[in-house]
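Q: Please take a close look at a single helix in this structure. I should like a connected account of how that helix packs and of how far the model may be relied upon.

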Amino acid sequence: MSTPTTSPATAEPHKKGIGLLGLIALVISSSIGSGVFALSTDISAAAAPGPAIIAWLIAGVGFIALANTFGKLSLARPELDGIVAYAREGFGPFVGFVSGWGYWLSIWIGNVAFGVMLATALGYFFPSFSGGLTVGAVVFISLVNWLIVLLVNHGIEEATVVNAIVMICKLVPIFVFIATMVLVFRFDVFTADFWGTLANNLGGPDAPGSVSTQIISCFMVMMWVFVGMEGASVLGHRAERKRDVSRATILGVTALVIIYVAASVLPYGHLTRTELMQMGSPSMAYIFQDVVGPWGGAFISGGLVISIFGAWLSYTILASEAMNRMAKMELLPRAFSRLNAHSAPTSCLLVTGCMVQALSIVMLCSEAAYQFAYSLCTASIVISWALAAAYMVKLAAHHEVEHAGRALALSAFATIFLVVAVLLAGIDLLMLCCIAYVPGLAFFVRARHEYGYQTIMTARENVLAALIIVVAVAAIVLLVTGHITI
């Protein structure tokens, strides 16, 4: 039996870096971007109050279990930095690459979703930005994208200070909204069609389906609003104290669960499901406006603009760090491992910025740009989350962590929840992700040659790479034939 690996707090050296508050801010600010401001409409479109609550119970337990898993991994393997390192250590370099590339894809795709919602939020003040993604909106998204790239390129620790300030500014309108929803909550409205039975009897496009269907329909939206919760783990190597990574992740995710449940469930007690579905986007602004008047919509929309900026900043940091750490783990070419005078990975930032630019232009062809972008983002990151949780399952099964039984139960539940939820809610999205993996395979092979590996991939890794390519080809065929749409 192996001896559990621990990191005594008394022996941990203090260093200049991101403190506990900064790490908590990173977890919360990275997750609370645009999703929470559109939760009411997105959740109500999927489910009535009862099934939505059940879905939140499952998702909440799943993500708290995942947060505990990340926390335990940061303590059990303090020498490993982030979820990519966990996958590499547990399952080999190619699986590490799969995790890292999927994580990077997820984060910059998430930035595109933020850009689309930012343009929508500004449409509340400037009608030229309303009515879907326009050329003018793409130009605006491009400007914001490159300004944030420049900011992060000036220094990541400095950017996290800005992020902590933004976190406070974005939480104020959310808490005001939640408090107001508590005051106007009516139990008779909340329970009028608690399970969606009446809507199903009436039929039509608003019928939510069976309880199980409603629960499944909620999962992709719910997983999207937790993207970024691994932020403290990704930047663990920049923390003042390694133990703060565990604390920040668990505290941050617990706070997120409470905020999300309140923000999405309480509005069912003020407006009916049909009324919530018909609200404009971002729905939080229009619900608050319905309660307090026009100033309420402007107040929430302003908070959303600040929120998106903070999340976009966090995601840009996380995406560039992911590429940089992959290069240092010899999973990407050396060019991505270099840092500038401000300790920022310039080449990684440039590539990330270019990808955001390209996809934002492609999104002009999408009928539901925001929903497609956040769904693709979520499908990508679930791969990385699940591999990290699976690594903890492996460690706990071999008793290589403290309290191995509890760790095994939590990590196994998190792994199963993630895999089942994404398979049920977005198998077509996983197929689309494989298309984006194909160019990454070329980078991985090049890196293996650069670092002088005699064996580029094992037989098992070759099979996995071939499977990714086959699924990518199938996804392209389904896109061309119209069986998968964007």
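A: The term pLDDT denotes the predictor's confidence in each residue, on a scale from 0 to 100. The model is a predicted one, and its chain has a mean pLDDT of 87, with 93% of the residues reaching 70 or more. Over residues 1-11, however, the pLDDT is below 50, and this stretch has 17 contacts in the model beyond near neighbours in sequence.

The helix chosen here is H5, which spans residues 93-122. Helix H5 packs with helix H19, formed by residues 459-480, at an angle of about 30°, and the two axes are 9 Å apart. Because angles under 35 degrees count as roughly parallel, H5 is described as roughly parallel to H19. The crossing of H5 with H19 is left-handed.

On the H5 side, the residues that take part are Pro93, Phe94, Val95 and Val98; on the H19 side, they meet Glu461, Leu464, Ala465 and Ile468. By class, the residues of this contact comprise seven nonpolar and one charged, with no polar residue.

A further link of H5 involves aromatic rings. The model has 26 aromatic pairs by the criterion of ring centres within 6.5 Å. One of them joins Trp101 and Phe443, whose ring centres are 5.9 Å apart and whose planes stand at 35°, a tilted arrangement. Trp101 belongs to helix H5 and Phe443 to helix H18 (residues 404-450), so this pair ties together parts that lie 342 residues apart in sequence.

Note on methods. Residues are numbered from 1 along each chain as its sequence is written. This is a predicted model: local features need pLDDT of at least 70, side-chain atom pairs count only at pLDDT 80 or more; totals for chains, interfaces and linings use all residues. Side-chain values use heavy atoms; hydrogens and water are left out. Axes are lines fitted to C-alpha atoms, for helices over the stretch in contact, and angles run from 0 to 180 degrees between N-to-C directions. Helices (H or I, at least four residues) and strands (E, at least two) are DSSP runs, numbered from the N terminus. Angles under 35 degrees count as roughly parallel, over 145 as roughly antiparallel, 65 to 115 as roughly perpendicular and the rest as oblique. A crossing is left-handed if the near helix is turned anticlockwise from the far one by less than a right angle, and right-handed if clockwise. Contact means heavy atoms within 4.5 Å. Ala, Val, Leu, Ile, Met, Phe, Trp, Tyr, Cys and Pro count as nonpolar, Asp, Glu, Lys and Arg as charged, and the others, Gly among them, as polar. Rings of Phe, Tyr and Trp (its six-membered ring) pair if their centres lie within 6.5 Å; planes under 30 degrees apart count as stacked, over 60 as edge-to-face and the rest as tilted.
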